[in-house]
Amino acid sequence: MRADGTTLYTTRDVAYTLWKFRRAERVVNVIGMEQSLAQLQLKIALYALGCEQQADNLVHFAYNLVALPGYKMSSRRGRYITLDEVLDEAVDRAFEEVSKRSPMLSDVEKRKIARFVD
């Protein structure tokens, strides 16, 4: 607990994780790579509390964020781009490139070629 009476993030995470384990045998936290230390501390705290089985069944599935020009993603704030959106954009850009390089093709043929990036 902090001097101002608030609890640390990891302290709340211990309680939340134990709550999850009352509902599941295995817990997979899909959380950004920047939370790796906090997730390790959480696992160690579970071991220290005698919750070995829960600690063994706690998995941190880490991901990295992709940096985009002028856009900072944040899953907590709901600012993210899905893989589907990235693939759709890739197909659209590929279609534009195919259109420049092979203007004689029909739009159907261009789209078929563009979808190879999907």
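Start by selecting Arg111, which is partly exposed at a relative accessible area of 25%. Keep in mind as you look around that this is a predicted model.

Now add Asp92 to the selection: its side chain meets that of Arg111 in a salt bridge, 3.5 Å from N to O. The pair ties together distant parts of the chain, with Asp92 in helix 4 and Arg111 in helix 5 (residues 107–114), 19 residues apart. Asp92 is partly exposed too, with a relative accessible area of 37%.

Next, colour helix 4, residues 83–101, and look for two more salt bridges along it. Select Arg93 and Glu89, whose closest N and O atoms are 2.8 Å apart. Four residues, about one turn of the helix, separate them. Arg93 is exposed at 56% relative accessible area, while Glu89 is partly exposed at 39%.

Move along to Glu97 and Arg101, which form a salt bridge of 2.7 Å, N to O. Here again the two partners sit four residues apart in helix 4. Glu97 is partly exposed, at 32% relative accessibility, and Arg101 is exposed, at 64%. In total, the structure holds four salt bridges.

Before leaving Glu97, try a distance: from its C-alpha atom to that of Leu49 is 58 Å, for residues 48 apart along the chain.

Last stop: the largest pocket, with a volume of about 390 Å³. To centre your view, select Glu34, Gln35, Ser74, Ser75 and Arg76, the closest to the pocket's centre of the 15 lining residues. Then show strand 1 (residues 27–32), which gives the most to this lining, with three residues. Colour the lining by class and you will find six nonpolar, four polar and five charged residues.

Terms used
Residues numbered from 1 in each chain as written. Predicted model: local features only at pLDDT ≥ 70, side-chain atom pairs only at ≥ 80, totals over all residues. Heavy atoms only, no water. 1 Å grid on protein atoms, 1.4 Å probe; cavity = no way out; pocket = protein on both sides within 12 Å on 5 of 7 lines; lining within 4 Å. Points joined across faces, edges and corners; volume = space filled by probe spheres on them. Nonpolar A, V, L, I, M, F, W, Y, C, P; charged D, E, K, R; others polar. Buried < 20%, exposed > 50% of the residue type's maximum accessible area, 1.4 Å probe, protein only.
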